[in-house]
Amino acid sequence: MEVILDLYCSEHCRDQPLICMDEASVQLLDHLYKPIKMQPGQDQKEDYHYTREGTQALFMFFDPNAGWRRVSNRDHRSRVDWAEEIRQLLDVDYPHASKVKLVCDNLNTHVDCFSL
């Protein structure tokens, strides 16, 4: 934990940005019954019943020093998906960076990322 806190407190130049990354799987839902639209003096009304429309994996990259962020979605959350997101980060988002300081959460898609 101290290593991460030291990294956050250190100076970050433009060619060595600090990037925080998180990933999540979200459930996609739809209304079973169409909501009743808002009217003057009346709130919108929604039923609590829903239909499940699958899942999506969200990948978020955030540069806290520059105020930059990118969120993308994928059908899966595999190691290959994670690697493709990292490729996007390095080749498209930060192509001129000599080094990217990447802080990741502790999920399973990148546990053994250096052994891919």
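A residue counts as buried when its relative accessible area is under 20%, as exposed when that area is over 50%, and as partly exposed in between. Keep this cut-off in mind as we walk through the structure above, which is a predicted model.

## Charged partners

Side chains of opposite charge can pair when their charged atoms come close. In this model there are five salt bridges. Three of them appear in the table, each with the distance between its N and O atoms.

| Basic partner | Acidic partner | N to O distance |
|---|---|---|
| Arg-70 | Asp-93 | 2.6 Å |
| Arg-74 | Asp-81 | 3.4 Å |
| Arg-74 | Glu-85 | 2.7 Å |

Let's begin with the pair formed by Arg-70 and Asp-93. This pair links distant parts of the chain: Arg-70 belongs to strand 3 (residues 68-74) and Asp-93 to helix 2 (residues 79-93), with the two being 23 residues apart. Is Arg-70 buried or exposed? Arg-70 counts as buried, because its relative accessibility is 14%. Asp-93 has a relative accessible area of 23%, so this residue is partly exposed.

Now look at Arg-74, whose side chain meets Asp-81 in one salt bridge and Glu-85 in another. The pair of Arg-74 and Glu-85 also links distant parts of the chain, with Arg-74 in strand 3 and Glu-85 in helix 2, 11 residues apart. Arg-74 is partly exposed because its relative accessible area is 21%. Asp-81, at 10% relative accessibility, counts as buried, and Glu-85, at 4%, counts as buried too.

Which residues do shared partners join into one network of salt bridges? The network is made of Arg-70, Arg-74, Asp-81, Glu-84, Glu-85 and Asp-93.

## A pocket to explore

Rolling a probe the size of a water molecule over the atoms shows where empty space is left. How much space lies in the second largest pocket? The answer is about 170 Å³.

You can trace the lining of this pocket in the structure by finding Arg-14, Asp-15, Pro-17, Asp-63 and Ala-66, together with Asp-93, Tyr-94, Pro-95, His-96 and Ala-97. These lining residues divide into five nonpolar, one polar and four charged. Asp-93 ties the two parts of this report together: Asp-93 is one of the residues lining the second largest pocket, and Asp-93 also forms the salt bridge with Arg-70.

Definitions and conventions. Residues are numbered from 1 along each chain as its sequence is written. This is a predicted model: local features need pLDDT of at least 70, side-chain atom pairs count only at pLDDT 80 or more; totals for chains, interfaces and linings use all residues. Side-chain values use heavy atoms; hydrogens and water are left out. On a 1 Å grid over the protein atoms alone, a cavity is a set of points where a 1.4 Å probe fits but cannot get out, and a pocket is an open set with protein on both sides within 12 Å along at least five of seven lines; lining residues have an atom within 4 Å of a point. Grid points are joined across faces, edges and corners, and a volume is the space filled by probe spheres set on the points. Ala, Val, Leu, Ile, Met, Phe, Trp, Tyr, Cys and Pro count as nonpolar, Asp, Glu, Lys and Arg as charged, and the others, Gly among them, as polar. A salt bridge is a side-chain nitrogen of Lys or Arg within 4 Å of a carboxyl oxygen of Asp or Glu. Helices (H or I, at least four residues) and strands (E, at least two) are DSSP runs, numbered from the N terminus. Buried means under 20% relative accessible area, exposed over 50%, partly exposed in between (1.4 Å probe, protein chains only).
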